[in-house]
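This report describes a strand arrangement and a set of charged side-chain pairs. The sequence and the structure are shown first.

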Amino acid sequence: DGSTYFMREADRVRIARDYRGDVDTHAPVVCLNRADGSTVAAIVQFTAHPVTAFHPEKSVAHGDYPQVACDVLADHLARGGVRPAVVFIQGCAGDVNSKEMFTGGPKAAERYGKYLGETYAKASRRLTASARDGLDYAVERARVPYAGLPSVRTLEREVREMEDFVRRAEAGDEDTLSCVGLNFPTDLSPTYRGKLVSMPLNWNRWALKQHRAGRADRQAASLPMEMPVLRIGDVGIVGMPCEPFQGIGRQIRAGSRLGLTIPAGYVNSSFGYVPDAANLGDREYMSTFYRYSRYQLPFRRPAGDALARVGVGVLRGFAE
């Protein structure tokens, strides 16, 4: 119906055998080459949210499909048995799941990594030389605006719902799949689902204390974020210290005047998920990640679009 939600893997398969939602399919490859054409190092990116091999209750040591893809490209670019370093940049994947999330394990991650790696190898066979040379680098501060705290009535209603959910989850109730807009898969145990609700429960209790202490109207106006921006020849890389929604990356790429622009999330530090303005207001985990923080506020428009505007402004300065 146009709204978003954290799609459970079982729901994805039920919709269609190989259902794919709105995913940014760009898979750029940047090669730093010697004069003889051999590659010293390569930079790749994808809007990957690598949770195919990952399961929060069944940990494995595995690089998931991005690492596999980097290995495939390194083998493809190797000369004389020497493989170049391949750097993976994670794109704006805050609202993008991985197929077989929590269920695929290393075997599925290897398969998906091979697909992505073959795509990188194909791209590396048709490289375009940069018209520009040299480097530019800047760090700019963006301010993502906050909204106010929810009302006391809303917070108290949600506290009652969450306390009931946690009680049932701790008792092993399998029917603990939805709570205050959050959706959980059966691949997580009821106990773990209860732990995931305990964190927003603590946030609500904190927010109620702010109201009762008369501090609800004296909260921060915005969240400042330091954004490193780099130009290497015709390539621009915009770093964001958060898990940005893919709409933010699309705005950066559309507004840039460089030959290739790579938006990068998860850079240097992380303030959690940041939605773009178009996807603000949903109640799912990634849309309301402030409830898992200590203690951020809800965002308001333009939300993460503020990051895109700063990044585009720096890139345009570099291009000129």
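In this predicted model, strands β1, β2 and β3 form an open three-stranded sheet in the order β1-β2-β3, and the pairing is mixed. The edge positions are held by β1 (29–33) and β3 (85–90); each has a single partner strand, so one side of each is left without a neighbour in the sheet. From one strand to the next, the twist averages 15°.

Strands of a sheet pair through backbone hydrogen bonds, in either a parallel or an antiparallel manner. Strand β2 (residues 39–46) and β3 run parallel and are joined by six bridges. Within β3, alanine 85 is the bridge partner of alanine 41. Helix α3 (residues 105–124) packs on this sheet and touches β1, β2 and β3. The direction of helix α3 makes about 125° with that of β2.

The second topic is the salt bridges. A search of the whole structure finds 19 of them. Three are listed below, including their closest nitrogen-to-oxygen distances.

| Residue pair | Closest N to O distance |
|---|---|
| Aspartate 11 and arginine 14 | 2.9 Å |
| Glutamate 226 and arginine 141 | 2.8 Å |
| Arginine 257 and glutamate 320 | 3.0 Å |

Aspartate 11 and arginine 14 both belong to helix α1 (residues 9–15); because they are three residues apart there, about one helical turn separates them. How do the two partners stand with respect to solvent accessibility, buried or exposed? Aspartate 11 counts as buried, because its relative accessibility is 15%, under the 20% cut-off. Arginine 14, at 62% relative accessibility, counts as exposed.

In the salt bridge between glutamate 226 and arginine 141, the partners come from two strands: glutamate 226 lies in β7 (residues 222–232) and arginine 141 in β4 (residues 135–145), so the pair ties together parts that are 85 residues apart in sequence. Glutamate 226 is partly exposed, with a relative accessible area of 37%, and arginine 141 is partly exposed at 47% relative accessibility.

The salt bridge of arginine 257 with glutamate 320 also links distant parts of the chain, 63 residues apart. Arginine 257 is in the loop between α6 (246–255) and β10 (260–264), whereas glutamate 320 is in the segment after α7 (305–319). Arginine 257 counts as partly exposed at 47% relative accessibility, while glutamate 320 counts as exposed at 71%.

Salt bridges with shared partners also join Arg8, Asp11 and Arg14 into one network.

Terms used: Residues numbered from 1 in each chain as written. Predicted model: local features only at pLDDT ≥ 70, side-chain atom pairs only at ≥ 80, totals over all residues. Heavy atoms only, no water. Salt bridge = Lys/Arg side-chain N within 4 Å of Asp/Glu carboxyl O. Helix = DSSP H or I, 4+ residues; strand = E, 2+ residues; numbered from the N terminus. Buried < 20%, exposed > 50% of the residue type's maximum accessible area, 1.4 Å probe, protein only. Pairing = 2+ DSSP bridges. Axes fitted to C-alpha atoms, helices over the stretch in contact; angles between N-to-C directions. Contact = heavy atoms within 4.5 Å.
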